[in-house]
Amino acid sequence: MLYDFEFYNPTKIYFGKESLNNLKTELNHYGKNILFVYGGGSIKKIGLYDSIIKILQETSKNVFELAGVMPNPTYEKMMEGAHLIEKHHIDFILAVGGGSVIDCAKGISVAAYQKNPWEKYWINHEDVLHEVIPVGSVLTMVGTGSEMNGGSVITNEEKKLKKGRVFPQKVYPKFSILDPKITYSVPKYQMLSGIFDIFSHLMEQYFSNQDDNVSDDLLEALMKSLIKNTYKAIKDPCNYEARSNIEWISTLALNGLTEVSKTQDWQVHSIEHQLGAYTDCAHGMGLAAISVPYYRFLLSFAPQKFAQFAVNVFQVETKNRSVEEVAKMGIDALAKFIKDTGMCSTLKELNATREMLPLIAASTDLGGGYHDLTQQEVLQILESCYE
Ligand code: NZQ
Ligand code: ZN
């Protein structure tokens, strides 16, 4: 059944091969001073930087730049952007990049003109009562869903904390431009990291509740489509059909649609965030390594749901098998998908050391769905996928 819910997503999406053409019209809705935020240089290599600058010149904007937003964006970098907003009276933030750039842009939009934003918004999760600087995005790498949500995940290097926050709708991008061709140049490792991030978003919503819920039907369909298109994209990274399907699955996976009436269990993300704080690993690769041991651990608390996943997502044969056997085969199939596609399955591959594991476990936010994890259980999970 569906519990009562509200659903509203204010981000306008322009999707497709000609979608960048809409940037000019969109920019005309905002003031003169633009902060152009981007990453470490990939947009210059693929010529996108020049195209954006041309559009900004055609709209007669005053352009200020924040370059070098790193994967797992830091609080320090975000505050550099917030100071630019104040110094140049910025009217609009244009984020061109993957989740890190867009998350950083949203963080800047909230943090500008505020005192102690880290404590206020990422630790105490205070409501955002002030006006924020509007953000728009051109997405270059898929996975996080940041293009159509209020998420902003920031790493505080000094405190060794990577903290996510979902901001209210006024912080969502006003528009996001999604051209799948722009994602062709994403290196295979990053493409796979993004794909597992999507898979994890889908699973973390799916493995909650046990009733008949249309959100689960949607989640199963998206997981199946993601698996099929992943194999196509690995074979041919410039396959528009595969890349466009993956890109839209990614957006749908975390824009609020599939979480309707689901309690959700974001424990894998919580563990990965602290793994990331200690190793700076690619987000999706960290999730891939943690997921198999986590779901093997969780299986006995909801065998029926895991069996449903096995059958509906990985087409596991049920004949002459118990629910528990089928459920286990579903997680075996997930592990095979991770291995066959070349995603990470150990923490050692992500440069974690054994000494880090207790520190990661001790700083992980605890929660859960079918079972509430303890710090000791987090440590067991980390140890079981170390090497
Ligand atoms: O920095 P550049 O040079 O641009 O290179 C980037 C970066 O090195 C490269 N890249 C991006 N587009 C490219 C490209 N290289 C070639 N061609 C292109 N078209 O890819 C690398 C990774 O980029 P990044 O933005 O870091 O990846 P991703 O999109 O996976 O973002 C990860 C961050 O998002 C957070 C993660 O925790 C992590 O900090 N998340 C945000 C969420 C949200 N907003 O809702 C939810 C997620 O669960 C996640 O936690
Ligand atoms: Zn994620």
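This is a quick tour of one protein chain, from its overall build down to a few single residues. Keep in mind that the model is predicted. The chain folds into 15 helices and eight strands. With a radius of gyration of 21 Å, close to the 21 Å that the globule rule gives for 387 residues, the chain is as compact as a globular protein of that length. There's also a zinc ion, held by one Asp and three His residues.

**The big picture**

- Lay the C-alpha trace along its principal axes and you get a span of about 70 × 45 × 45 Å.
- How much of the chain is buried? Of its 387 residues, 59% count as buried.
- The chain exposes about 16,200 Å², and 52% of that comes from carbon and sulfur atoms.
- Take the contacts between residues at least 6 apart in sequence: 79% of them join residues at least 24 apart.
- On the charge side, there are 37 positive and 46 negative side chains. The centres of those two sets sit 6 Å apart.

**The zinc site**

- Which residues hold the zinc ion (ligand 2)? Its protein donors are Asp 197 (through OD), plus His 201, His 269 and His 283 (each through NE2).
- These donors lie 1.9 to 2.2 Å from the zinc ion.
- If you read along the chain, the donors follow the spacing D-x3-H-x67-H-x13-H.
- His 269 belongs to helix α10 (residues 267-279), while His 283, 14 residues apart from it, belongs to helix α11 (residues 283-298).
- Are His 269 and His 283 buried or exposed? Both of them are buried.
- Between those two helices, α10 and α11, there's a loop, and Asp 280 is found in it. Asp 280 has a positive phi of about 60°, although it is not a glycine.

**Leu 382, a buried residue**

- You'll find Leu 382 in helix α15, which runs over residues 375-384.
- Leu 382 counts as buried because its relative accessibility is 0%, and the cut-off for buried is under 20%.
- Setting aside neighbours within four places in sequence, Leu 382 is in contact with Ile 271, Leu 347, Leu 357, Ile 360 and Ala 361.
- Now compare Leu 382 with Leu 2: they are 380 residues apart in sequence, and their C-alpha atoms are 35 Å apart in space.

**Met 329, a partly exposed residue**

- Met 329 sits in helix α13 (residues 323-341).
- Why does Met 329 count as partly exposed? Its relative accessible area is 29%, so it falls between the 20% and 50% cut-offs.
- Not counting neighbours within four places in sequence, Met 329 touches Val 316 and Arg 321.
- Phe 306 is 23 residues from Met 329 along the chain, and their C-alpha atoms are separated by 9.2 Å.

**Two loop residues to look up**

- Gly 47 has its place in the loop between α2 (42-45) and α3 (48-58). At 27% relative accessibility, Gly 47 counts as partly exposed.
- Gly 47 and Ile 182 are 135 residues apart along the chain, yet 9.9 Å is what separates their C-alpha atoms.
- Where is Ser 60? Ser 60 is in the loop between α3 and β3 (62-66).
- Ser 60 isn't a glycine, but it has a positive phi of about 55°. With a relative accessibility of 43%, Ser 60 is partly exposed.

Notes: Residues are numbered from 1 along each chain as its sequence is written. Chains are lettered from A and ligands numbered from 1 in the order in which they are written. This is a predicted model: local features need pLDDT of at least 70, side-chain atom pairs count only at pLDDT 80 or more; totals for chains, interfaces and linings use all residues. Side-chain values use heavy atoms; hydrogens and water are left out. Helices (H or I, at least four residues) and strands (E, at least two) are DSSP runs, numbered from the N terminus. The radius of gyration is taken over C-alpha atoms; the globule rule is 2.2 Å times the number of residues to the power 0.38. Buried means under 20% relative accessible area, exposed over 50%, partly exposed in between (1.4 Å probe, protein chains only). Contact means heavy atoms within 4.5 Å. Accessible areas come from the Shrake-Rupley method with a 1.4 Å probe; for residues, only the protein chains shown count as cover. Lys and Arg count as positive and Asp and Glu as negative; His and the chain ends are not counted. The place of a charge is taken as NZ of Lys, CZ of Arg, CG of Asp or CD of Glu. Donors are N, O and S atoms within 2.8 Å of the metal (3.2 Å for Na, K and Ca); water is not among the atoms, so sites may look incomplete.
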